[in-house]
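Let's take a walk through this one together. Have a look at the fold first, and then we'll go piece by piece.

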Amino acid sequence: MDKNPITKIVDWYNEAKKTEINDPDAITLATVDDTGFPNIRTVLLRKIDSDSFVFFTNYNSQKGNEIENNNNVAFSFHWKSLAKQIRIRGIAEKENSKVADDYYNSRALGSRIGAWASKQSSKLKNREELLERIAFMEKKFKSNPPRPPFWGGIRIRPLSIEFWKEGKFRLHERELWKRLDLDQKWSIDNLYP
Ligand SMILES: Cc1cc2nc3c(=O)[nH]c(=O)nc-3n(C[C@H](O)[C@H](O)[C@H](O)COP(=O)(O)O)c2cc1C
């Protein structure tokens, strides 16, 4: 039996890249606010390493603030073309090193300018206000904006991972990998559908 569940995630993800119509890397990410009320939204998971996962965002956004206050997060993949789901719970931390610089610099100029212009999740008066901010940033940075200090990666280290595969008559296959701490070994259990 393979002792790193991320190897299996990569296998499923590679399969999904061939079969999903778009965004096989889309995840539904859950965070909680300071009253414990959950929040979800879709983000693109841009990096899968052997021990963790990274997505990119604005650190001042709602999700950024919620993670700052409580770094317990959860996310799921659902690949409809494969009838497969993966659920992950883990611990988030900022990834604002070279990994973030490299990803930022790989993006289209419009997206790099957009990251500067968008005060993500803050109130916007109207579309013109955003367009003005974009024009301002284009003038300011020309064709070479640096990565904004408030924009970067969030790395998630998993504590539990559940693989779900659709079965006949709703008798799905569920396999739960769990560990109590990031340096502990994984235990594996099957679950009733
Ligand atoms: C397919 C899809 C992909 C998205 N990818 C990202 C992403 O990678 N990063 C991001 O910050 N927001 C992404 N968004 C927008 C988020 O869903 C969300 O609207 C935004 O991040 C603000 O969320 P917040 O207010 O909870 O911080 C994506 C939305 C969709 C539908």
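Before we count charges, a word on how that is done: Lys and Arg count as positive, Asp and Glu as negative, while His and the chain ends are not counted. Each charge is placed at NZ of Lys, CZ of Arg, CG of Asp or CD of Glu. On that basis the protein carries 34 positive and 27 negative side chains, and the centres of the two sets sit 3 Å apart.

Some ground rules are worth having too. What you see is a predicted model, where local features need pLDDT of at least 70 and side-chain atom pairs count only at pLDDT 80 or more, although totals for chains, interfaces and linings use all residues. Residues are numbered from 1 along each chain as its sequence is written, and side-chain values use heavy atoms, with hydrogens and water left out.

Now the overall build. There are five helices and eight strands; here helices (H or I, at least four residues) and strands (E, at least two) are DSSP runs, numbered from the N terminus. Follow the chain from its start and you meet them in the order α-β-β-β-α-β-β-α-α-α-β-β-β. The C-alpha atoms fit in a box of roughly 55 × 35 × 30 Å along the principal axes.

How much of the protein is tucked away? Of its 193 residues, 39% are buried, where buried means under 20% relative accessible area, exposed means over 50%, and partly exposed is in between (1.4 Å probe, protein chains only). The accessible surface is about 11,800 Å², and carbon and sulfur atoms own 49% of it. Such areas come from the Shrake-Rupley method with a 1.4 Å probe, and for residues only the protein chains shown count as cover. As for contacts (heavy atoms within 4.5 Å), take those with a separation of 6 or more: 62% of them join residues 24 or more positions apart.

Next, the ligand. Which residues surround it? Its shell is made of Asp23, Arg41, Thr42, Val43, Leu44, Phe56, Thr57, Ser61, Gln62, Lys63, Gln120 and Ser121, a residue being near a molecule if one of its heavy atoms lies within 4 Å of it. Strand 2 (38–48), strand 3 (53–58) and helix 2 (62–69) each provide at least two of these residues, and strand 2 gives the largest share, with four.

Zoom in and you'll find some short polar distances. A polar contact is a pair of N or O atoms within 3.5 Å; within protein, one must be able to donate a hydrogen and the other to accept it, and residues adjacent in sequence count only if both atoms are side-chain atoms. A polar backbone atom of threonine 42 is 2.6 Å from a ligand oxygen. For leucine 44, a backbone N or O atom is 3.1 Å from an oxygen of the ligand. Glutamine 120 uses its side chain instead, with an N or O atom 3.1 Å from a ligand oxygen. On its own the ligand exposes 620 Å², and the protein buries 64% of that.

Serine 121, one of the shell residues, sits in the loop between helix 4 (109–117) and helix 5. Its phi is near 80 degrees, a positive value in a residue other than glycine. Why is that worth a glance? Most residues other than glycine have a negative phi. Serine 121 counts as exposed because its relative accessibility is 54%. Arginine 170 also has a positive phi, near 60 degrees, and lies in the loop between strand 6 and strand 7 (173–178).

Arginine 147 is in the loop between helix 5 (127–141) and strand 6 (151–165). Is it buried or exposed? Arginine 147 is buried, because its relative accessible area is 17%. Its side chain reaches the backbone oxygen of asparagine 96 at 2.8 Å, and a polar atom of that side chain lies 2.9 Å from the backbone oxygen of tryptophan 151. Leaving out residues up to four places away in sequence, arginine 147 touches several others, including Tyr104 and Trp116.

Finally, the two ends. Lysine 3 comes before helix 1 (5–19) and is exposed at 58% relative accessibility. Tyrosine 192 follows strand 8 (187–191) and is exposed too, at 78%.
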